[in-house]
Amino acid sequence: MERSQAVPSRADVVVVGGGVMGTSVAFHLAEAGSHVVLLESGELGGGSSGKPIGGVRAQFSDPANVALGHRSLEPFEDFRRRPGGDIGLRQTGYLFALPTDDDVALFGRSVAMQNDLGVDSRLLTVAEARRLNPYLSATAYAGAAFAPRDGWAHPAAVVAGYADGARRLGARVVSGAPVTAVDPAPGGRLTAVTPRGSVTAATVVVCAGAWSRAVGALVDADLPVEPVRRQIAFTAPLEPAPPTLPFTIDFGTTFYLHNADARGRLLLGASEPDTPVGFDTAYDPAWEPWLRGLAARATPALADAPLTGGWAGLYELTPDHDALIGEAPTGPGGARLLYACGFSGHGFLQAPAVGEAVTDLYLGRAGTPAARGVDVSAFDAGRFGARRSRTEANII
């Protein structure tokens with residue numbers, strides 16, 4: 001942490017947001033030789049990236065999301081070497097439990113596309129799925145989809161690893177520095193103003209998660225991101241101890257579960273419908289009966305499992321529940337504004353590939369043979385004005 005330090009006065013690039021996306025972008029830009037200053041309003045990873053466990057997967061219905069997830073798996077697997085650090089990666093697989101024949105058909109098409117893109121995913125029978133997760137109902141599902149390379153890791157460790165790696169490459173990472181204004185500066189530059197000082201750069205990258213809309217508005221950029229609370233709960237240690245489970249999702253309700261720790265606890269969660277937009281992150285035990293109702297259908301043996309509380313955080317949702325990655329129209333005097341936000345629950349798993357892609361955009365090599373990252377042109381925020389909303393089906 002660099003809370004005690006003042007904000008440097010100049011940089012090539014200012015990254016706003018110190019979660020997993022901002023630190024990944026800062027690391028990749030610094031690795032490419034840019035002088036980077038990252039500004040975080042609170043503590044690193046203190047926003048949506050503060051969740052205790054984050055899934056990593058390449059099972060999506062849209063090729064661009066598959067590419068981002070698949071590309072990110074290798075850097076997660078190699079994280080101990082580059083940028084460095086133990087992120088607790090466990091590749092137990094992702095198992096989608098599919099309630100209807102239509103769901104099986106939908107995932108069958110997705111699996112075929114994923115396989116064409118190099119993803120080792122497959123359809124399973126209910127019996128095969130229950131061998132992977134014996135808690136699953138024998139009667140509630142028509143089939144399942146599984147990818148063994150998927151799994152989960154610890155977002156806080158990823159944030160710390162990227163931030164430390166960026167520092168070693170010369171980036172300045174300053175927490176406790178909320179951006180209160182972004183003003184035009186001479187020479188086609190922008191000045192990001194914080195209570196800890198101001199920094200001027202030719203490029204600003206918005207990676208502020210659920211707070212990205214407000215940051216974008218400082219430079220008249222419309223980034224349609226809204227915050228919505230999501231909650232998880234933990235069981236007490238179970239007897240007998242659970243086996244190693246895949247990250248399991250009921251596609252019909254978004255109920256999900258996986259191992260939480262070596263003590264025999266499980267993590268349970270779901271996306272509550274009709275949750276109002278807002279920044280409330282207080283855990284509400286009143287949701288537990290609803291969660292138990294989902295568990296009773298999906299995993300009957302867990303319906304009455306003792307719960308020991310939980311945690312709440314923010315999803316950063318866009319109108320079509322898919323990411324915003326791109327460059328806003330030219331700013332004052334030719335200054336540049338890039339953005340990577342609005343990931344609607346799958347930003348953590350795509351962060352390594354997005355860091356590469358934003359670096360490609362910054363260096364002007366996106367869409368060329370020199371590009372290192374995935375083509376992210378489909379995620380441009382201008383799609384809403386052009387009525388080109390995306391249709392990713394595998395949103396949790």
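**Exercise 1. Find which residue of strand E19 stands opposite valine 205, and place the two strands in their sheet.**

Valine 205 stands opposite leucine 338, a residue of E19. In this predicted model, the pair belongs to a longer match, since strand E12 (residues 203–206) and strand E19 (residues 336–341) run parallel and share four bridges. Widening the view, one finds an open sheet of six strands with mixed pairing, in the order E8-E2-E1-E12-E19-E18. At its edges stand strand E8 (172–174) and strand E18 (324–327), each having a single partner strand, so that one side of each has no neighbour in the sheet. From one strand to the next, the twist averages 15°.

**Exercise 2. Work out how strands E9, E10 and E11 are arranged in their open sheet.**

The three strands follow the order E9-E10-E11, and their pairing is antiparallel. The edge positions are taken by strand E9 (181–185) and strand E11 (197–201), each of which pairs on one side only. Here the twist averages 25° from one strand to the next. Between E9 and strand E10 (residues 189–194) there are five bridges in the antiparallel sense, and for valine 182 the bridge partner in E10 is alanine 192.

**Exercise 3. Decide whether the residues of strand E4 are buried or exposed, and name the partners of this strand.**

Begin with the count: strand E4 (residues 94–98) has five of its five residues buried, so the strand is largely enclosed by the rest of the structure. Next take the faces in turn, for Tyr94, Phe96 and Leu98 lie on one side and Leu95 and Ala97 on the other, and both faces are covered. Then look for the partners. With strand E6 (residues 143–147), E4 pairs in the antiparallel sense over five bridges, and leucine 95 stands opposite phenylalanine 146 of E6. With strand E14 (residues 247–250), E4 pairs in the parallel sense over four bridges, and there alanine 97 faces aspartate 250.

**Exercise 4. Compare the end-to-end distance of helix H1 with its expected span, and do likewise for helix H6.**

Helix H1 (residues 20–31) has twelve residues, which at 1.5 Å a residue should span 16 Å; its end C-alpha atoms are 16 Å apart, so the two values agree. Most of H1 is covered, with eleven of its twelve residues buried, including Val20, Met21, Phe27 and Leu29. Just after H1 comes glycine 33, which has a positive phi of about 100°.

Helix H6 (residues 155–168) has 14 residues and reaches 20 Å from its first C-alpha to its last, close to the expected 20 Å. Its buried residues include Pro155, Val158, Val159 and Tyr162. Glycine 170 follows H6, and its phi is also positive, near 105°.

**Exercise 5. Describe how helices H2 and H9 meet, by the distance and the crossing of their axes and by the residues in contact.**

Two packed helices are described by the angle between their axes and by the distance between those axes. For helix H2 (residues 63–77) and helix H9 (residues 347–363), the axes come within 7 Å and cross at roughly 90°. Because angles of 65 to 115 degrees count as roughly perpendicular, that term applies to H2 and H9. On the H2 side the contact includes Asn65, Leu68, Arg71 and Phe76, while on the H9 side Phe348, Leu349, Gln350 and Glu356 are among the residues met. Sorted by class, the contact of H2 with H9 has nine nonpolar, four polar and two charged residues.

Terms used
Residues are numbered from 1 along each chain as its sequence is written. This is a predicted model: local features need pLDDT of at least 70, side-chain atom pairs count only at pLDDT 80 or more; totals for chains, interfaces and linings use all residues. Side-chain values use heavy atoms; hydrogens and water are left out. Two strands pair if DSSP finds at least two bridges between them. Axes are lines fitted to C-alpha atoms, for helices over the stretch in contact, and angles run from 0 to 180 degrees between N-to-C directions. Angles under 35 degrees count as roughly parallel, over 145 as roughly antiparallel, 65 to 115 as roughly perpendicular and the rest as oblique. Contact means heavy atoms within 4.5 Å. Ala, Val, Leu, Ile, Met, Phe, Trp, Tyr, Cys and Pro count as nonpolar, Asp, Glu, Lys and Arg as charged, and the others, Gly among them, as polar. Buried means under 20% relative accessible area, exposed over 50%, partly exposed in between (1.4 Å probe, protein chains only). The expected span of a helix is 1.5 Å times one less than its number of residues.
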